[in-house]
Amino acid sequence: MSESSLSALAAQLAAKQISSRELAQHYLDRIAALNPAINAFITVDADRTLAEAAAADALRAAGNAGPLTGVPIAHKDIFCTDGWLTTCGSKMLHNFVAPYDAHVIQRFKAAGMPSLGKTNMDEFAMGSSNETSYFGAVKNPWNTAYVPGGSSGGAAACVAARMAPAATGTDTGGSIRQPAALCGITGLKPTYGLVSRFGMVAFASSLDQAGPMAPSAEDCTLLLNVMTGFDPNDSTSLEREKEDYTRDLEKPLSGLRVGLPREFFAEGLNNEVAAAVEAAVTDLQKLGATTVEISLANSQLAIPVYYVLAPAEASSNLSRFDGVRYGYRAPEYTNLDDMYCKTRAQGFGAEVKRRILIGAYVLSHGYYDAYYLQAQKIRRLIANDFGEAFKTCDVILGPTAPGTAFKLGEKSGDPVEMYLNDLYTIPANLAGLPGMSLPCGFDSKGLPIGLQLVGNYFSEAKMLNVAHQYQRATDWHARAPEGLE
Amino acid sequence: MSLSQDDVKRIARLARIEIDDAQAQATQGQLNTIFDLIATMQAVNTDNVSPMAHAQEVYQRLRDDVVTETDRHAAFQAVAPAVENGLYLVPKVIE
């Protein structure tokens with residue numbers, strides 16, 4: 001059962017070969033057995049999960065089941081979930097029980113999909129290794145001495161270890177794609193504005209976007225059908241007609257033009273990753289695709305631009321954590337100002353504080369033009385490069401991350417070294433384009449390698465078509481770590 | 001450019017984050033490494049480039065002036081550190 005796709009699980013539920021309650025119990029048992037070693041979940045509440053599963057079974061018995069009713073899913077602990085602890089991986093929210101559901105949670109509930117729990121993450125989604133979580137690092141299921149990536153590290157690890165058939169994630173600079181790559185699963189960051197950010201704890205609002213994480217592209221397609229749609233509660237939610245993302249899955253790839261950005265295959269890319277991605281290109285050529293070399297010349301500036309814009313937005317967003325309305329409050333203080341300062345000093349971890357300080361500085365008087373405005377202008381240049389590239393290709397392909405998973409502790413002492421992990425993923429966030437990562441091989445240490453697809457705005461159906469056809473011809477996505485039990 | 005320890009303390013003050021001398025010193029080195037990375041941006045000519053604040057050209061939507069929310073203050077205040085009679089409690093600010 002742990003190797004079943006979402007469509008297979010849905011078919012078994014529809015045929016009444018299994019109930020949602022039995023399915024939920026299977027995954028809860030697996031979480032109980034494996035989570036102590038992996039630490040992918042911050043909160044598990046078996047009673048609540050089983051109650052939601054029983055409700056899904058009742059929905060089916062009443063003849064009101066949708067395509068995924070009864071299939072359980074794990075949610076990143078960044079989504080407010082009514083009645084569940086929602087910590088965002090931070091001491092600041094260690095005691096915060098959300099009083100409402102995020103829009104994404106509402107949609108999965110409406111689809112009748114029980115929650116298996118809340119997954120671990122880098123604090124406030126700031127990190128690429130899941131080591132900044134107040135609740136401890138997540139371990140990579142392929143080798144527990146290695147990181148799972150981040151910030152959606154718990155989501156990626158729980159799917160890789162088959163503790164959940166699917167999970168939600170969020171991606172501000174690569175936080176769905178990079179952990180998907182490092183854990184050997186498929187993950188998609190949609191076009192900015194397709195998925196509502198309502199109830200999703202804000203990091204950098206002009207970049208944050210939620211998306212699905214699961215073993216295969218086909219699974220992600222089904223989840224995307226649930227997640228997307230207009231929400232008046234998010235001012236950046238796009239009013240578009242609802243799409244069926246499964247519509248192009250089975251199309252042949254003949255005539256597909258794949259753009260290969262030369263900057264993504266340059267210095268700094270690990271040789272084994274380069275070889276696996278190049279082999280995937282050959283596989284796509286066999287399926288009828290042609291390749292074209294493209295240039296994303298300004299993409300090398302994506303990291304400096306991101307580390308101005310994201311901290312600037314974060315310093316503003318995280319000003320709400322003041323110890324007054326929710327979350328942590330310092331136990332001792334002399335006055336109101338001292339209460340703010342101590343609460344924030346004690347409630348935030350080191351990386352979050354670093355980014356707030358960067359943001360406060362670049363937005364401070366006299367520095368705004370040199371940093372924030374300059375970064376916004378280069379953001380435009382980066383987006384323009386993509387616009388040019390999509391005149392000659394249908395989808396852009398490259399590595400997701402410059403290397404495979406690294407050891408726990410290996411990069412946690414050097415912020416810049418850690419930031420470079422998101423070299424290839426950040427450009428899509430800056431432009432607001434959809435990006436996805438899918439497994440394309442393993443390195444000599446047995447760690448997964450991910451390839452990235454970046455598509456034009458609203459081309460998710462095309463990207464999922466490419467990914468699905470690739471996954472029909474290969475079996476990297478079907479592999480799961482062994483010997484975990 | 002390079003941040004001094006006083007700069008770090010000033011920013012921390014702006015951000016309302018308490019920081020002592022030892023922390024300011026450690027943070028100073030890390031922030032300067034990050035600002036060295038950010039400085040590579042300054043060499044780019046961006047004359048006549050319009051800043052990009054958002055991926056999509058979206059505008060604030062207007063809606064009819066009708067009540068859409070119900071009163072849930074009890075639920076929202078249940079998660080606050082200190083509340084009394086529907087009010088958030090903070091240290092006295094006016095003598």
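Select chain A and colour by secondary structure: 15 helices and 11 strands appear, where helices (H or I, at least four residues) and strands (E, at least two) are DSSP runs numbered from the N terminus. The model is predicted, so that local features need pLDDT of at least 70 and side-chain atom pairs count only at pLDDT 80 or more, while totals for chains, interfaces and linings use all residues. Residues are numbered from 1 along each chain as its sequence is written, and chains are lettered from A and ligands numbered from 1 in the order in which they are written.

Keep chain A selected and view it whole. Along the principal axes, its C-alpha atoms fill a box of roughly 65 × 55 × 45 Å. Of its 485 residues, 62% are buried, that is, with 20 or more other C-beta atoms within 10 Å of their own, C-beta atoms being placed from the backbone; 12 or fewer makes a residue exposed, and anything in between partly exposed.

Next, select helix α9 of chain A, residues 302-317, and find Ser316(A) in it. Ser316(A) counts as partly exposed because it has 16 C-beta neighbours inside 10 Å. Then draw a distance to Leu287(A): 29 residues away along the chain, its C-alpha atom is separated from that of Ser316(A) by 47 Å.

Finally, display chain B, of which 42 residues are in contact with 52 residues of chain A; contact requires C-beta atoms, placed from the backbone, within 7 Å. On the chain B side, the elements giving two or more residues are α1 (5-14), α2 (21-39) and α3 (73-77). Of these, α2(B) gives the most, with 7 residues.

Methods: Contact = placed C-beta atoms within 7 Å.
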